Amino acid sequence: MKRVPTVITGTVGMDAHVIGTKVLSRALQDAGFKVVELGMQVTPEEFISVAQETRADAILMSSLYGMAELDLKGFDEKRKEAGLGDVLLYIGGNLVIGRSDPREVEKKFKALGFDRVYAPETDTEVGIADLKKDLKARGKL
Amino acid sequence: MSDIRLLIDFGSTFTKVVAVDLKKVEVVATASLPSTVDNDITLGLENALKVISDKHGITDPDKKGALACSSAAGGLRMVCTGFVPELTSKAANLAALGAGAKVVGCYSYKLTQQEVKEIESLAPDILLLAGGTDGGDEEVIIHNARMFSGTGQAVANVIIAGNKTTHDEIRGIYKDSRKNVIYTKNVMPEIGVLDVVPCNREIRDLFMKNIIVAKGIARAKAIIKDVIMPTPSAVLEAAKLIAGGCGEDAGFGELVVIDPGGATTDVHSIAKGAPARPDIIMTGLPEPYEKRTVEGDLGLKYNLDRLTELVATRETPTDFSSIVAKFHEGKLPETPEEYACHLMLSCLMVEVAMERHSGKIEVVYTPTGEKLVQHGKDLTGVRSVIGTGGPIIFSKEPRKILEGVLYREENPFILKPKKPRFYLDERYILYAVGLLSQSEPGKALALARKYLKPI
């Protein structure tokens, strides 16, 4: 029997818009994941140390206030340093201020190390389906 | 058994006995004589009991019923290991301190050969291995357990308090080992959850069953009933009882006990420590309601050098350094100048120890403005502060020393008590209250109420 995949959720940096991550956490639980909910205003370092202790398979971050890029400066380097190179990284929300091309945003965050980047108002089912697919591809589901 | 209870503390230097009349709730006699643990612990004990006996008749059954705590022979020395420093390593550390241990080493991540050698040379009474939440990381604790499987008996007692999923594999690792390996609940079963009580219980149990035997303290059982806990644990038990009350007596409410000594300064806080304002964000591992810290560099006898370093930035009394040099030689204060020096150092110890124990507020500048983030416990609302330990009890100005715990306007981000009432453990009975609280909590609390002197 395979271990139940563990995922971490939370809003990154100083963002306090907690509804999205709560809805997502609930949906993940219903889909059978073990969810470690860190809630709001989680520092990048906390995501890393919690992923280490819980042997997480994926980190799903939310951010609505447009400052995610600033909050996540150096995150990819830090998580690789912490031995978490194979942990899936997803992010979703209003990731940059103002109107911008979603493809540009995706490119920017993929360059920061994220495997998947979601626009605001993406359905939770979409993200969960992607997560299952990605975990299967890694032999973790 | 008569109404007399004998409560004993085997210290590293002194063996102390308090005789309590339970019916009158009264301390009828006390004694303090040199400890003889290096030789035969019962000698010092007999001497102390003789002093009590001369002051107030005690019977053999009284002695047979006596309970003791001990910090003799180095106290309960522990090494803690975990995975991430601010998570499971910290949780392991808090668990050991809460059980009254002296943490002589704290390690994180996978241990190296060199670190294992270091730990062996520290020869702790107990090695506490943590790491991983339940169902979380397994690698680190299994690696660390394996690193000790081939070592000698310098590390003889091991407590496993990490990811429970690893227990079976660790059992396999220690299958042929002579080590005494105990498995207990994870000190951090989930992120943000600290569960130290089961681990505390195992530590105390090991202390009672094995460690006091190995240290020769158990020989006292030829005379008395038992040695049931390390002394700091007895003080913490007393603090819990006094804060939480018993039956009709609601107790003192949230409180702090500060206990400076020759080598270390202990601080116990029994308080929730939640943020005072809703807009303050809590961060880090939640701290236990009953929290103990030990400052290993703050002692009036063995750590004078460190203290004088701390003094460097302050205005000192005249002749400060020459007086401190005399303290180094073991001299006790006699002249007014020496008293002033002694007082200043004691205040400093209390101030710094309280500062480190208390929660702190950090201002974080964010894209959406200033935010306040709290680490640790907010103790500003604590209502009582109890002082114990030689430097306070024997001081001419105990209140002045205790005022070192107070919150300071010029340093508003350190969450120390603002307006507590101060009490002095004048008769040095806190440990006795803690011991007695195990069987007679009501009487123990009444005793504390009677003998803790408001100052």
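In this predicted model, the largest cavity encloses about 30 Å³ of space, and the count of cavities of 30 Å³ or more comes to one. The lining of this cavity is drawn from chain B and consists of B:Val235, B:Asp259, B:Thr388, B:Asp425, B:Tyr428, B:Leu430 and B:Tyr431. Sorted by class, the lining residues comprise four nonpolar, one polar and two charged residues.

With regard to nonpolar packing, the largest nonpolar core contains 82 residues, of which A:Leu72, A:Phe109, B:Phe10 and B:Ile224 touch the most other members. Another core, of 37 residues, lies apart from it and includes B:Leu7, B:Val20, B:Leu255 and B:Leu436. For A:Phe109, when residues up to four places away in sequence are not counted, the contacts are A:Ala68, A:Glu69, A:Leu72, A:Ile91, A:Leu95, A:Val96, A:Phe114 and A:Val117; A:Leu72, itself named among the core members that touch the most others, is thus one of the residues in contact with A:Phe109.

Chain B also holds an open sheet of six strands, arranged in the order E14-E12-E11-E17-E18-E19 with mixed pairing. Its edges are formed by strand E14 (290–295) and strand E19 (453–454), each of which pairs on one side only. Strand E18 (residues 421–424) of chain B is joined to E19(B) in the antiparallel sense over two bridges, and B:Leu424 has B:Lys453 in E19(B) as its bridge partner.

In chain A, A:Thr21 is located in helix H1 (residues 19–30). Because its relative accessibility is 2%, A:Thr21 counts as buried, the cut-off for this class being under 20%. Not counting residues up to four places away in sequence, A:Thr21 is in contact with A:Thr9, A:Gly10, A:Thr11, A:Gly39 and A:Ser62.

Two residues were further examined for their backbone geometry. Most residues other than glycine have a negative phi. A:Glu121, although not a glycine, has a positive phi of about 65°, and this residue is found in the loop between strand E5 (116–118) and helix H6 (124–137) of chain A. With a relative accessible area of 82%, A:Glu121 is exposed. B:Ala73, likewise not a glycine, has a positive phi of about 50° and is placed in the loop between strand E4 (67–70) and strand E5 (77–82) of chain B. At 31% relative accessibility, B:Ala73 counts as partly exposed.

Key: Residues numbered from 1 in each chain as written. Chains lettered and ligands numbered in written order. Predicted model: local features only at pLDDT ≥ 70, side-chain atom pairs only at ≥ 80, totals over all residues. Heavy atoms only, no water. 1 Å grid on protein atoms, 1.4 Å probe; cavity = no way out; pocket = protein on both sides within 12 Å on 5 of 7 lines; lining within 4 Å. Points joined across faces, edges and corners; volume = space filled by probe spheres on them. Nonpolar A, V, L, I, M, F, W, Y, C, P; charged D, E, K, R; others polar. Helix = DSSP H or I, 4+ residues; strand = E, 2+ residues; numbered from the N terminus. Buried < 20%, exposed > 50% of the residue type's maximum accessible area, 1.4 Å probe, protein only. Contact = heavy atoms within 4.5 Å. Core = buried A, V, L, I, M, F, W, Y, C linked by side-chain atoms within 4.5 Å. Pairing = 2+ DSSP bridges.
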